[in-house]
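Trainee: Could you take me closely through one strand and its surroundings? Please keep it brisk, and give the cut-offs as you go.

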Amino acid sequence: MKILVCISKTPDTTAKITFTDNNTKFDSAGVQYIINPYDEWYSLVRAIELKEADATTIIHLINVGAADSDPIIRKALALGGDEAIRINSENNDSFYIASQIAAIAKEGAYDLVFTGKETIDYNSSSIGGMVAELLDLPFISHAIKFTLDGSTATVVREIEGGEETDKASLPLVVSCQKGMAEQRIPNMKGIMGARTKPLKVVEPTAAESYTTIASFDLPPAKAGVKLVSADNPEELVRLLHEEAKVF
Amino acid sequence: MVLVFIDQQDGHIKKTSFEAASYAAAVANILGSTAEAILLGTVGDDVASLGNYGITKVHTVANESLNNFDAQVYAKLITLAAQNADVVVFSNNTTGKAIAPRLSVRLKAGLVSGAAALPTIDNGFTVKKTVFSGKAFANITVTTAKKIIALNPNSFTVKTTGGTAEVVALDAAIDTAKVQVVSTDLVKGEVPLGEADIVVSGGRGLKGPENWGMITDLAHLLGAATACSRPVADIHWRPHHEHVGQTGLAIAPNLYIAVGISGAIQHLAGVNRSKTIVVINKDPEAPFFKAADYGIVGDAFEVMPKIIEAVRKLKA
């Protein structure tokens, strides 16, 4: 079985979010970059578990990014991918990125394409569905469990207020979230091995962009907290009812 | 024409769909156009009443096979209804997130998912969306002829206008689903977290799952959903689907009550769009107080029973 795992580079979850160039660019000064947590903790680790259960499984990683993505790709290889492909482009339009991934996926005839449910920077939840449509494959989003029986996948996905269990045949595109797998840390053998694993850099295929980022805004600052004494919590209830009018 | 996808579950239109319908009507107003809707599958609700949210026409495919959700089948049908649409609106929930990207490809329409406001059209078609998990907004300009917007739940105030929509059956062939829904397991009697107006949330300060009664009691009194911080979900005190924050669910209720949560930056990212934030924590240095509107510096075990009693009296 061949699995393609999509890997995005995102700022660390603790990164301070500020912008430059008249609020048109993310300020990356001093920002640590990581593998998008949904891509790493859930989709990549679940792919590795599938490989551990069936040693013939091949895992390819794909990233659309510039050379500064290479450290996070090496880390993903250290966790357990077999080889990686980086499409050399800094374009951040979802359709453009999905077009690049779909082109590679089509060529590689993968049985499974895994993405995270979203990236923690642009939060667009778009790549998996777009790739599926470009490949004319079924897509199951928000997966929290994934099991395989031959070529039939059973996927539990989150829905509003509960869970839904789906069945579909491979090939399939799945977007992954918490529950799929547990976070892992690369071991020394993995880190050493990752250095010699293939990381192929290819130039992008021609594709359109559907959107551009005009500018960024930061949310307005809070006016400040109104503290109520712990001896009189009833006052908090009164304020919420009469002043904030929230219940 | 602006087309809105009406999402249903268990034979009922989802609350977030009314919000999306109202938003679509407002977008139509900006464009000097009309708002229509598409509803797939069978529902017990009165579909024509979508007119009350500004919808003039509802396209339906009332076929039971569509109660089985397959984004691929849905996207194809919505494409047919969207032939004359300038903008297609979804709620940015698990259904919308599964269909909208597919539709974006089919219609060659740029998608803004996680929209937080109405579009502006004076300098290109631009929509404000949440980015960096709620820590910032991006203004996204869509450069394609057709546009798709997936609206964040609880981001737009529903306006009722009165009126009845015309209901028309969309004549379309339905593909065989490649995804079979085997079972659906809904947490009965509880408010879905993403749609809740009020959310009561607990953190490690509650010391153990056996103390969650104070969270659920207050939630029941307020008709609220319950949530938790990441550590609490990680150590399995509470189910994963309750985890709000950067790597969990991002929510924007009218009222968010955080009990025993310090307010790490990752947690704040998921809840800082809440309209009113209340923090109860015994540590006066807890960072959450800086993001809060109201707060009590005190021991939850002493404060919460009094709050619950006061709410009980108020609701009686």
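Mentor: What follows looks at one strand of chain B, then at its neighbours and the wider complex.

This is a predicted model; local features need pLDDT of at least 70 and side-chain atom pairs count only at pLDDT 80 or more, while totals for chains, interfaces and linings use all residues. Residues are numbered from 1 along each chain as its sequence is written, and chains are lettered from A and ligands numbered from 1 in the order in which they are written.

Start with strand β15 of chain B, residues 255-259. Strands here are DSSP runs of E, at least two residues, and helices are runs of H or I, at least four, numbered from the N terminus. Five of the five residues of β15(B) are buried. Buried means that 20 or more other C-beta atoms lie within 10 Å of a residue's own; exposed means 12 or fewer, partly exposed is in between, and C-beta atoms are placed from the backbone.

Take the two faces in turn. In a regular strand the side chains alternate between the two faces of the sheet. In β15(B), one side carries B:L255, B:I257 and B:V259. The other side carries B:Y256 and B:A258. Both faces are covered.

Now the neighbours. Strand β13 of chain B, residues 198-202, pairs with β15(B) in the parallel sense over five bridges. Pairing needs at least two DSSP bridges between the strands. Here B:A258 of β15(B) stands opposite B:S201.

Strand β16 of chain B, residues 276-281, also runs parallel to β15(B), and five bridges join them. B:I257 has B:V278 in β16(B) as its bridge partner. Between β15(B) and β16(B) the chain passes through helix α6, residues 265-271 of chain B; this β-α-β crossover is right-handed. That is, with the strands pointing away from the viewer, the path from the first strand over the helix to the second runs clockwise.

How confident is the predictor? Chain B averages a pLDDT of 95, with 100% of the residues scoring at least 70. The pLDDT is a per-residue confidence from 0 to 100. For the complex, the ipTM is 0.94 and the pTM is 0.92.

Finally, some context from chain A. Chain A holds six helices and 15 strands. Its C-alpha trace spans about 65 × 45 × 40 Å along its principal axes. Of the 247 residues in chain A, 49% are buried.

Notes. pLDDT is the predictor's confidence in each residue, from 0 to 100.
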